Amino acid sequence: ISPLDEALGLIAQAEQALVGLPLIGVLGWVAAKLAAFNLLPLPAANGGFVLAVLGRALGIQRYWPGGLTTLLLFAYIAIAMSWLVAFSWYWLR
C-alpha cells in the first residue's frame, strides 16, 4: 500500500470508525491491529520467530538462505516506515 494513496483513505476510515468508541474500545482495537501485524512471518515479528523455531525443529533451516532473512527484515522495516509516513502525512494535513 502506497503511504500517500490508499493508506490515507484507510486511516480516514479507521478514524471515523473510532470516533464513537470509548477509550477502552480504541485501545482494544489498536492492540488487536498491532497483535495481527506482529504475527506476520517477518524476521522482526513473532511470526518470523515461530517460523524459525519450526524450521529448526523440522530440520529445514539449512535450505533457507541467510540473505533472505535480511531481505525480509528490510521489508518489515519498509512496511513500518511507510505507515509512519502515512500517519504523519494524515495528521499534518
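I began with the surface of this predicted model, and I noted that the accessible surface of the protein chain comes to about 6,900 Å², with 73% of that area belonging to carbon and sulfur atoms.

I then looked up how much of the chain is covered, and I wrote down that 15% of its 93 residues count as buried.

Next I turned to the overall dimensions, where I found that the C-alpha trace spans about 50 × 30 × 15 Å along its principal axes. I set the radius of gyration beside this: the protein chain has 17 Å, whereas a compact globule of 93 residues would have a value near 12 Å.

For the secondary structure I counted four helices and zero strands, and I recorded the order of the elements from the N terminus on as α-α-α-α.

I also checked which parts of the sequence meet, and among contacts between residues at least 6 apart in sequence, I noted that 62% join residues at least 24 apart.

Returning to the surface, I asked myself which residues make the nonpolar patch of about 830 Å². I listed F49, V50, L51, V53, L54, L58, I60 and Y63 as the residues that make this patch.

I picked V50 from that list for a closer look, and I located V50 in helix 3, which covers residues 46–58. Is V50 buried, partly exposed or exposed? I entered V50 as partly exposed because its relative accessibility is 44%, a value that falls between the limit of under 20% for buried and the limit of over 50% for exposed.

Technical notes. Residues numbered from 1 in each chain as written. Predicted model: local features only at pLDDT ≥ 70, side-chain atom pairs only at ≥ 80, totals over all residues. Heavy atoms only, no water. Patch = residues over 30% accessible without salt bridge, like charges linked within 9 Å, V, L, I, M, F, W, Y side chains within 5 Å. Areas by Shrake-Rupley, 256 points an atom, 1.4 Å probe, with all protein chains shown as cover. Salt bridge = Lys/Arg side-chain N within 4 Å of Asp/Glu carboxyl O. Helix = DSSP H or I, 4+ residues; strand = E, 2+ residues; numbered from the N terminus. Buried < 20%, exposed > 50% of the residue type's maximum accessible area, 1.4 Å probe, protein only. Rg over C-alpha atoms; globule rule 2.2 N^0.38 Å. Contact = heavy atoms within 4.5 Å.
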